[in-house]
Amino acid sequence: MAYAYDPTNIFARILRGEIPNNTVLETEHTLAFRDIAPQAPDHVLVIPKGPYATFDHFSNEASDAEILDFYRTAGQVCKMLGIEPGEGGMGFRAITNSGEHGVQDVPHFHMHILAGRVLGRMLSRG
Ligand code: 5GP
């Protein structure tokens, strides 16, 4: 199955500079910015600049350089926020929702990094 990507999605528009964002960190292949509707005191979205719709799309089709840059940037964001457990931080949750059952709203692959409060159990039963 070929992966599809819709370039009209809101994160593609952010990457094109059509709408503003609150950038935390930008690298050659990756952008990290604050979520517009934070669900924790720290809520950062990490996205690849390339056109990947979901976690599996990115993992299967992105270049080694893009994947390395994405994960290094996510790790750097954790350092910048001071949330690393064992390094004086109180920990965090990294989530990526994919597709309908994953309840993904924006069809551009992204990782949520949530921190700053106890986040509760991973899944509700709803
Ligand atoms: P999803 O449900 O796809 O995993 O998460 C999408 C996230 O994108 C949500 O947490 C939502 O608040 C965030 N979001 C949607 N539109 C915008 C926007 O225009 N700017 C920013 N910074 N975040 C957005």
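Author: A polar contact is a pair of N or O atoms within 3.5 Å (within protein, one must be able to donate a hydrogen and the other to accept it, and residues adjacent in sequence count only if both atoms are side-chain atoms). The model is predicted, with local features needing pLDDT of at least 70 and side-chain atom pairs pLDDT 80 or more, while totals for chains, interfaces and linings use all residues. Residues are numbered from 1 along each chain as its sequence is written, and side-chain values use heavy atoms, without hydrogens and water.

Reader: What makes the pair between Asp35 and the ligand a polar contact?

Author: An N or O atom in the Asp35 side chain is 2.5 Å from a ligand oxygen. That is within 3.5 Å, so the pair counts. His110 has such a pair at 2.9 Å, and His112 has one at 2.8 Å. The protein buries 84% of the 520 Å² that the ligand exposes when taken alone (Shrake-Rupley method, 1.4 Å probe).

Reader: Which residues surround the ligand, and what makes them count?

Author: Each has a heavy atom within 4 Å of the ligand. There are 16 of them, and Asp35, Asn97, Asp105, His110 and His112 are the closest. Helix α1 (10-15; a DSSP run of H or I, at least four residues) gives the largest share, 3 residues.

Reader: How do you know that the ligand sits in the largest pocket?

Author: More than half of the ligand's atoms lie within 2 Å of the pocket's grid points, so the ligand is said to sit there.

Reader: Why is that space called a pocket?

Author: On a 1 Å grid over the protein atoms alone, a pocket is an open set of points where a 1.4 Å probe fits, with protein on both sides within 12 Å along at least five of seven lines. The largest pocket holds about 690 Å³ of space. It has 24 lining residues (an atom within 4 Å of a point), and those closest to its centre are Gln39, Ile95, Asn97, His112 and Leu114. Strand β4 (92-95; a DSSP run of E, at least two residues) gives the most to the lining, with 3 residues.

Definitions and conventions. Points joined across faces, edges and corners; volume = space filled by probe spheres on them.
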